[in-house]
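Please study the sequence and the structure shown here, and keep both in view while working through the exercises.

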Amino acid sequence: MENKVEWIVLTKAPVPGLVKTRLIPELGEQAACELYLQLLKRMKGTLKKLVNDNAGQVALWIAGNAEHEAFKSWTSFATFYQQPTRGDLGIRMALAVKSALSRNCIPVLIGVDVPDLDETYLLNCLQQLEKHDLVISPAEDGGYGLLGMKQFYPQLFIDKDWGSDAVFSATKSDIERLAIQTAYLPIVWDVDEIADAERFRKLTFL
């Protein structure tokens with residue numbers, strides 16, 4: 001590809017009580033936060049290797065304290081940006097996408113809490129972007145785990161019930177209506193519910 005891919009990670013400062021809130025009733029604030037830290041560490045390892053192999057660059061969009069200890073190990077290979085304090089997920093993703101495009105990069109949004117997004121998966125994403133204008137990874141829960149595009153499509157970021165099981169289907173409808181040349185990547189899963197947390201724990205012990 002002529003332009004470099006920018007892997008965009010929207011993350012939160014890992015403060016107990018403010019991350020993985022759906023899991024707090026079962027795990028408690030501290031354990032839910034530690035789980036988020038594990039997911040963040042896993043993603044960092046994957047992206048650092050890709051950057052070292054010259055397979056893209058990283059933009060870390062942080063909600064909350066960008067000086068948090070958890071982000072210090074990212075400074076050597078990622079550029080930090082502050083998420084806006086207002087606006088829904090669509091607005092925040094759109095801002096990050098437009099930021100990458102303004103620097104002549106190809107933006108690829110990736111979820112912190114999607115264990116399937118390993119080096120092999122992301123390299124396949126790069127290959128698909130050679131031949132397509134857009135790539136997307138449907139998620140088991142009805143959302144998506146990755147979204148990349150060569151130009152800005154505002155329709156993909158508005159009028160979505162973020163966090164629901166209808167996000168992917170609504171996004172796919174937009175893609176088809178706009179006739180975007182799209183690669184649908186293999187389905188992924190993310191860590192949102194207690195069963196997902198157990199699945200991730202088993203994965204990390206393999």
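The exercises below treat one helix and several salt bridges, each with a worked solution.

This is a predicted model, in which local features need pLDDT of at least 70 and side-chain atom pairs count only at pLDDT 80 or more, while totals for chains, interfaces and linings use all residues. Residues are numbered from 1 along each chain as its sequence is written, and side-chain values use heavy atoms, with hydrogens and water left out.

**Exercise 1. Compare the expected span of helix H2 with the distance between its end C-alpha atoms.**

Step 1. Helices (H or I, at least four residues) and strands (E, at least two) are DSSP runs, numbered from the N terminus.

Step 2. The expected span of a helix is 1.5 Å times one less than its number of residues. Helix H2 covers residues 29-52 and has 24 residues, so it should span 34 Å.

Step 3. The end C-alpha atoms of H2 are 34 Å apart, which agrees with the expected span.

Step 4. After H2 comes Asn-54, which has a positive phi near 65°.

**Exercise 2. Determine which elements the buried residues of H2 pack against.**

Step 1. Buried means under 20% relative accessible area, exposed over 50%, and partly exposed in between (1.4 Å probe, protein chains only).

Step 2. The buried residues of H2 include Ala-32, Cys-33, Leu-35, Tyr-36 and Lys-44.

Step 3. With contact taken as heavy atoms within 4.5 Å, these buried residues pack against strands S1 (5-12), S2 (57-63) and S4 (106-110), and against helices H1 (24-27), H4 (119-131) and H6 (194-204).

**Exercise 3. Describe the salt bridge between Glu-193 and Arg-22.**

Step 1. Side chains of opposite charge can pair when their charged atoms come close. A salt bridge is a side-chain nitrogen of Lys or Arg within 4 Å of a carboxyl oxygen of Asp or Glu.

Step 2. The structure holds 11 salt bridges. In one of them, the side chains of Glu-193 and Arg-22 meet at 3.2 Å, N to O.

Step 3. This pair links distant parts of the chain, 171 residues apart: Glu-193 is in the loop between strand S7 (182-184) and H6, and Arg-22 is in the loop between S1 and H1.

Step 4. Glu-193 has 40% relative accessibility and therefore counts as partly exposed; Arg-22, at 43%, also counts as partly exposed.

**Exercise 4. State where Arg-201 and Glu-198 lie and how their side chains meet.**

Step 1. Both residues lie in helix H6, three residues apart, about one turn of the helix.

Step 2. The side chains of Arg-201 and Glu-198 form a salt bridge of 2.8 Å, N to O.
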